[in-house]
Amino acid sequence: GPVPELVRLLPESARFEVSGMTSTIAGRSPGRIWLPNPDVPEGYAFYRAQVEGLVKVYPQITALVVWFRRGGTPWMDLKATDLPAAWRKEFAAEVERTPEAGKHWRAPGLFAVSKIIRAFERALKDCGAGRMRVAAGTWGFEFLPAADRFFPAGVPLIGLDYDVLHEKPQLGTATARAPLREIGAHRPVIPIVW
């Protein structure tokens, strides 16, 4: 996630504060933290600077992956009440349109991550790196339904089956693989078996 000291340099209109973290982040105790809002110009500039830096240092890459932890981070532990007011309205409208969307695993957090993905897509275009594409992923596959619902169409979803290391493969049954097949019918889904 973003470095808190850098985020605090943004004007308050370009960031939002969340609280009630359920676990520690990089050794910090739970509490209040600021997150950059990619929907406002200064917040978007925060993400664009990251993309510009990556494009400059690694011009050969073809995919920029928004990789997120499953929990214990500000973005994934977000509740609907933590979202900025405009996002709360958008999220509520999405859930009203598709009620099951609000019940998906970490739906508010994945809704918020969709904002980062859109900012990265826009930044790639603005930086003239349109040949690069944005993908998103995490450990496991619980994120697939909410990511499919909230992320832009066509963004590849990458899930990592790390439990295979413990002889408990997450994709070991047809039932477990069903969401990959269903979502993969209309967007790229890339399972990785560690």
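A residue counts as buried under 20% relative accessible area, as exposed over 50%, and as partly exposed in between. With that scale in hand, let us walk through this predicted model. Arg106 has a relative accessible area of 31%, so it is partly exposed. You will find Arg106 in the loop between helix 3 (85–97) and helix 4. Its backbone deserves a glance too: phi of Arg106 is near 50°, a positive value in a residue other than glycine.

Another residue invites a similar look. Glu167 is not a glycine, yet it has a positive phi of about 60°. This residue lies in the loop between strand 5 (157–161) and helix 6 (174–184). With a relative accessible area of 74%, Glu167 is exposed.

From the loop that holds Arg106, we can move on to helix 4 itself. The axes of helix 2 (residues 41–57) and helix 4 (residues 107–126) come within 9 Å and cross at roughly 55°. That angle makes helix 2 oblique to helix 4. The crossing of helix 2 past helix 4 is right-handed. On the helix 2 side, the contact is made by Tyr44, Tyr47, Arg48, Gln50, Val51 and Val55, while helix 4 brings Ile116, Ala119, Phe120, Arg122, Ala123, Leu124 and Asp126. Sorted by character, the residues of this contact comprise 9 nonpolar, 1 polar and 3 charged.

Just beyond helix 2, the loop leading to strand 3 (63–67) holds Tyr58. Tyr58 counts as partly exposed because its relative accessibility is 41%. Between the C-alpha atoms of Tyr58 and Leu124 there are 13 Å, with 66 residues separating the two along the chain.

Now for the interior. The largest nonpolar core has 51 residues, and Trp75 and Phe151 have the most contacts inside it. Helix 4 gives the most to this core, contributing 11 residues. Setting aside neighbours within four places in sequence, Phe151 touches residues including Leu110, Val113, Ser114, Ile117 and Arg118, as well as Phe68, Ala136 and Leu157.

Trp75 leads us on to Phe16, because Trp75 is among the contacts of Phe16 beyond four places in sequence, and Phe16 is buried at 6% relative accessible area. Phe16 sits in strand 1 (residues 15–18). Other partners of Phe16 include Ile33, Trp34, Leu35, Pro36 and Asn37, along with Leu78, Asp82, Pro84 and Trp87. As a final distance to check in your viewer, Phe16 and Thr138 are 24 Å apart, C-alpha to C-alpha, and 122 residues apart in sequence.

Definitions and conventions. Residues numbered from 1 in each chain as written. Predicted model: local features only at pLDDT ≥ 70, side-chain atom pairs only at ≥ 80, totals over all residues. Heavy atoms only, no water. Axes fitted to C-alpha atoms, helices over the stretch in contact; angles between N-to-C directions. Helix = DSSP H or I, 4+ residues; strand = E, 2+ residues; numbered from the N terminus. Parallel < 35°, antiparallel > 145°, perpendicular 65-115°, else oblique. Left-handed = near helix turned anticlockwise from the far one by under 90°. Contact = heavy atoms within 4.5 Å. Nonpolar A, V, L, I, M, F, W, Y, C, P; charged D, E, K, R; others polar. Core = buried A, V, L, I, M, F, W, Y, C linked by side-chain atoms within 4.5 Å. Buried < 20%, exposed > 50% of the residue type's maximum accessible area, 1.4 Å probe, protein only.
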